[in-house]
Amino acid sequence: MSKLLNQIVKENDIKNIDPEDYRDLAKEIRIKLVRSISRTGGHLASNLGAVELTMALHLCLDFPTDKLVWDVGHQSYVHKILTGRGDVFGTLRCMGGLSGFPKVKENPADTFDTGHSSTSISVALGLAKARDLKGTDENIFAVIGDGALSGGMAFEALNNAAALKSNLVIVLNDNKMSIAPNVGGMSNYLGKIRANSKYRNLKANVENALDKIPNLGRPLSSKVKRAKDSLKRLFIPGMLFEDMGLIYIGPVDGHNIKEMMTAFQTAMTVKDQPVLVHVLTKKGKGYKPAEKNPSIFHGVGEFNVKKGVPLAEPELTYTKIFGQWMCEVGKKREELVSVCAAMPDGTGLTEFAEQFPERFFDVGIAEEHAVTFAAGLASGGLRPVVSLYSTFMQRAYDQVLHDVCIGNLPVIFTLDRSGIVGRDGETHQGIFDIAYLSSMPNMTILSPMDGAELVDSLNYALQKKEGPVAIRYPRGSAFLYQRKEREPFQEGKAEILQEGREVLILAVGNMVEKACQAARLLDEKKIRPTIVNMRFVKPWDKNLVERLAKRHCLVVTMEDHVYSGGFSEKVQAFLQTRMKSKISCLAICLPDSFIEHGAPEELYEKYGMDAASVAGAISEEL
């Protein structure tokens, strides 16, 4: 029975809760998180660790007037509950339900739509400057994790923050460390002193007075300042931030609400300088399985609450196939090295990292650096494989173009989670990779149809002596196409899976499976299409497509990607210029828009990309 949570029906209601009940409220929130996420899946460990932190923020801020920007945003579940969305929390990540990330259209207390890492400080700086120019007085807070702080954009923002000359509070949620000895009273005391305007004015006055003493003053002032800074570096943590012009407060116990409220309220009194509050939290706190294995429960599917184990049976995924290939080839090819950006588990590289630790490089949340670092590895004679989610590869566009493609370097990019990802929504759908990669000279792009072809694609990429290769594959269970024999895997060549008449289906990647399903439905209507597995998206098999198009009255392209810049658009443009007689084309792809969250099959059906919809569209077109 959630007697305390039932009292929170809108933002700021937490302020009506008796402080003596905060611990019980935190317990109720954790129970709700575990029970709900066990049914819907989601980011559990990070939210369990941020319960008291979120409560303290809501006790100090006034929503929606004050602005709170969550970095990445996957840890905003408690924020959603405390802003009156607890009654619909069971719809989290379900189609038509709550998003797993902050959404302005969902609630005005969600200040900014987030989903990618290391952006919060930049956004908060913009909000603070807008506040100052408008002459308003709302508080601006940014919450960023220690992992996200490794992203270059976060440091660019920190470097710019001091120039703001205005108040902004950056909360560093550090869940990598145990509670340090200097947490508590003395640390908070020092933080209060440094944040106190009288102390800072006194410090400035003393330095100015010393400077005015003839001959002796300036050298003496300089020596005093150097001695003071040396002592501060010995005894005060966070001097990196102080040197960048921020006031540092902490470390603060991230599970002590009173302590955090004191730190936040102190930080809010500073009017002429940004403040960083360093909060230490335990990822997965309150649920033993998540505490023990926080990485497993970072992003989890449905699971058994009592046992702490997934409900779904282990399956052979594209990610696992890639991981197995890396280990097998790594034993034979010492020049093979792996680069990832804080996602060794998600990209299937955990075993490779264990077997070849000296050849595995996790650079943290720093996709731009990962790509250019790989360019350096390739220039040095190694064969780097850069493994990123498709949506995060977008962040390194310039590095791929400028540092890899111009030099025609043999870097292999494996783009996991290409196409519809599902429940993480707009910020995570991998539906733009063909468009942004195919415009790059020297880039080769493959989209294998099944698990066996993924291995073929990787082997092809490894033997290629020059030029980058990007291999895109979806999340989830690997399709295994049953056939007697396979056509040889050659550069730029497609494969005919089924000979037919009237209808020519050109399918890319995981859409080959749906093309085969649609063909079985069309057989019932006496329509037998020709099905082509394109394999290569760049260069694609133009000769085969032109030859087959002349023998069919309808060309259907199928891809798990938006139309603009995608494979369908390229094929249609090609046929318009090459075919003497007009030919009908049907593009089965996603609209040029951001795709919401929901189960993949629900989204395929909504956008007319499931087998039944494809078969129906082809029948109607004929």
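**Sheets, helices and cores of the predicted model**

Within strand β10, Val385 is the bridge partner of Ser338. In this predicted model, the pair belongs to a contact between strand β8 (residues 336-340) and strand β10 (residues 383-389), which run parallel and are joined by five bridges. Helix α13 (residues 318-332) packs on the sheet there, touching β8, β10 and β11 (412-416). The direction of helix α13 makes about 145 degrees with that of β8.

The sheet that contains β8 and β10 is open and has seven strands, in the order β9-β8-β10-β11-β13-β12-β17, with mixed pairing. Its edge strands, β9 (360-362) and β17 (536-538), each pair on one side only. From one strand to the next, the twist averages 20 degrees.

The protein as a whole comprises 24 helices and 19 strands. Its C-alpha atoms fill a box of roughly 90 × 65 × 50 Å along the principal axes. The radius of gyration is 28 Å, which agrees with the value near 25 Å for a compact globule of 622 residues. Of the 622 residues, 57% count as buried. Among contacts with a separation of 6 or more, 76% are accounted for by residues 24 or more positions apart. The exposed surface comes to about 26,900 Å², of which carbon and sulfur atoms supply 53%.

A second open sheet has five strands in the order β14-β16-β15-β18-β19, and the pairing is again mixed. The edge strands of this sheet are β14 (495-498) and β19, each of which pairs on one side only. The twist here averages 25 degrees from one strand to the next. Helix α20 (residues 511-523) packs on the five-stranded sheet and touches β14, β15, β16 (530-533), β18 and β19. The direction of α20 makes about 140 degrees with that of β18. Helix α21 (residues 542-549) lies across β14, β15, β16 and β18, and runs at about 160 degrees to β15.

Strand β18 (residues 552-562) is mostly covered, with ten of its eleven residues buried. Six bridges in the parallel sense pair β18 with strand β15 (residues 502-507), and six bridges, also in the parallel sense, pair β18 with strand β19 (residues 584-590). Met558 takes part in both pairings: Met558 is the bridge partner of Ala507, and the bridge partner of Met558 in β19 is Ile588. Further along β18, Val562 has Leu590 of β19 as its bridge partner.

Met558 is also one of the residues with the most contacts inside the largest nonpolar core, together with Ile471, Val556 and Ile618. This core has 59 residues. Leaving aside residues up to four places away in sequence, Ile471 touches Ile412, Phe413, Thr414, Leu415, Leu446, Pro448, Leu454, Ser457, Leu458 and Ala461. Another core, of 57 residues, lies apart from the largest one and includes Met55, Leu57, Tyr77 and Ala109.

Ala461, one of the residues touched by Ile471, lies in helix α19 (residues 451-463). With a relative accessible area of 1%, Ala461 falls under the 20% cut-off and is therefore buried. Beyond four places in sequence, Ala461 touches Arg383, Ile412, Val469 and Ile471. Ile412 is thus listed for both Ala461 and Ile471. Between Ala461 and Leu446, which are 15 residues apart in sequence, the C-alpha to C-alpha distance is 9.3 Å.

Strand β3 (residues 169-174) is likewise mostly covered, and six of its six residues are buried. In a regular strand, the side chains alternate between the two faces of the sheet. In β3, Val169, Val171 and Asn173 are buried on one side, and Ile170, Leu172 and Asp174 are buried on the other, so that both faces are covered. Strand β2 (residues 140-145) runs parallel to β3 and is joined to it by five bridges. In this pairing, Ala142 stands opposite Ile170 of β3.

Terms used. Residues are numbered from 1 along each chain as its sequence is written. This is a predicted model: local features need pLDDT of at least 70, side-chain atom pairs count only at pLDDT 80 or more; totals for chains, interfaces and linings use all residues. Side-chain values use heavy atoms; hydrogens and water are left out. Two strands pair if DSSP finds at least two bridges between them. Helices (H or I, at least four residues) and strands (E, at least two) are DSSP runs, numbered from the N terminus. Axes are lines fitted to C-alpha atoms, for helices over the stretch in contact, and angles run from 0 to 180 degrees between N-to-C directions. Contact means heavy atoms within 4.5 Å. A nonpolar core is a set of buried Ala, Val, Leu, Ile, Met, Phe, Trp, Tyr and Cys residues joined through side-chain atoms within 4.5 Å. Buried means under 20% relative accessible area, exposed over 50%, partly exposed in between (1.4 Å probe, protein chains only). The radius of gyration is taken over C-alpha atoms; the globule rule is 2.2 Å times the number of residues to the power 0.38. Accessible areas come from the Shrake-Rupley method with a 1.4 Å probe; for residues, only the protein chains shown count as cover.
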